[in-house]
Amino acid sequence: MTDTVNSRYDCSLGILTKKFVALVKSAPNGVLDLNSAAEQLAVKKRRIYDITNVLEGIGLIEKKSKNNIQWKGYCDTGNMDQLDVEEMQRNLAELESRTGLVDKYILELNTNIQDQQRNANFRQRAFVTDEDIRNIANFKDQTLIAIKAPSGSTLAVPYPDQLTQDLDEWRYQIYLKSQDGPVDIYLVSARDEEAGSEDSGDQEMDSDHTPGG
């Protein structure tokens with residue numbers, strides 16, 4: 001029980017903020033990659049965003065790119081208004097409270113999922129049909145595929161080489177690789193399939209199975 005309490009305390013935003021600031025200040029040129037920070041601190045990226053939002057708001061860091069921030073440093077700490085410090089402390093306390101609430105919801109959801117998975121009746125009904133998926137509004141007029149692959153399979157979707165102003169003309173390639181068995185790909189629905197089955201026939205998908213050993 002003591003280990004759990006200590007782990008929870010170590011993950012608090014106050015402690016994480018101190019560790020994060022130390023990482024930024026020790027980074028080359030004060031530029032830190034947020035993905036690397038999340039890995040080094042062993043926390044989810046949303047906790048890193050909680051910290052950067054506060055630090056950026058009080059002018060200690062600035063964004064250099066999507067996943068990189070740079071340390072700007074303190075201004076004249078002697079002139080720092082006590083009200084600013086108290087505001088920062090309130091922001092951190094509020095963020096920590098929200099984080100605790102989110103963790104509580106995640107734990108409850110995981111517990112409910114585990115309970116449902118142990119229920120035989122639930123397991124028999126734990127499926128969706130291709131029609132269920134096609135009826136999702138966000139998937140309208142989209143080409144949908146389902147992929148069944150062994151554990152450990154990798155999937156990569158590189159950014160298109162040729163870009164045009166018309167997004168509909170962008171061509172994506174999907175690379176699938178499996179070391180432990182075949183990869184099955186199913187066409188759930190083809191874009192503009194109402195126009196005729198001949199358009200759907202032009203869809204072509206490949207998968208790569210590399211035998212282990």
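Visitor: What joins β2 to β3 here?

Guide: A hairpin does, and it passes through two residues. Keep in mind that this is a predicted model.

Visitor: OK. How many bridges join β2 to β3, and which way do they run?

Guide: Four bridges, with the two strands running antiparallel. To pick out one pair, look at Glu 62: its bridge partner in β3 is Gln 70.

Visitor: What's the strand order in the sheet they belong to?

Guide: The order is β1-β3-β2, in an open sheet of three strands with antiparallel pairing.

Visitor: And why is one side of β1 and of β2 left without a neighbour?

Guide: Those two, β1 at 31-33 and β2 at 61-65, stand at the edges of the sheet. Each has a single partner strand, so one side of each has no neighbour there.

Visitor: How much are neighbouring strands turned against each other?

Guide: On average by 35°, ignoring direction.

Visitor: Let's go to the other pairing. How many bridges join β1 to β3?

Guide: Three, and this pair also runs antiparallel; β3 covers residues 68-71.

Visitor: Which residues of β3 do Leu 32 and Asp 33 stand opposite?

Guide: Leu 32 faces Ile 69, while Asp 33 has Asn 68 opposite.

Visitor: Which helix lies across β1 and β3?

Guide: That's α3, residues 34-41, and its angle to β1 is about 70°.

Visitor: Switching to the whole protein: how many helices and strands are there?

Guide: Eight helices and eight strands.

Visitor: What share of the residues is buried?

Guide: 22% of the 213 residues.

Visitor: And the contacts? What share comes from residues 24 or more positions apart?

Guide: Taking contacts with a separation of 6 or more, 59% are between residues 24 or more positions apart.

Visitor: Now the outside. What does the accessible surface come to?

Guide: About 15,900 Å², and carbon and sulfur atoms account for 49% of that.

Visitor: Which residues make the nonpolar surface patch of about 590 Å²?

Guide: You'll want to highlight Ile 145, Ile 147, Leu 155, Val 157, Tyr 172, Ile 174 and Leu 187.

Visitor: Where does Leu 155 lie?

Guide: In strand β5, which spans residues 154-156. So that I've tied the two together for you: Leu 155 is one of the residues in the patch, and β5 is the strand that holds Leu 155.

Terms used: Residues numbered from 1 in each chain as written. Predicted model: local features only at pLDDT ≥ 70, side-chain atom pairs only at ≥ 80, totals over all residues. Heavy atoms only, no water. Buried < 20%, exposed > 50% of the residue type's maximum accessible area, 1.4 Å probe, protein only. Contact = heavy atoms within 4.5 Å. Areas by Shrake-Rupley, 256 points an atom, 1.4 Å probe, with all protein chains shown as cover. Pairing = 2+ DSSP bridges. Axes fitted to C-alpha atoms, helices over the stretch in contact; angles between N-to-C directions. Patch = residues over 30% accessible without salt bridge, like charges linked within 9 Å, V, L, I, M, F, W, Y side chains within 5 Å. Salt bridge = Lys/Arg side-chain N within 4 Å of Asp/Glu carboxyl O.
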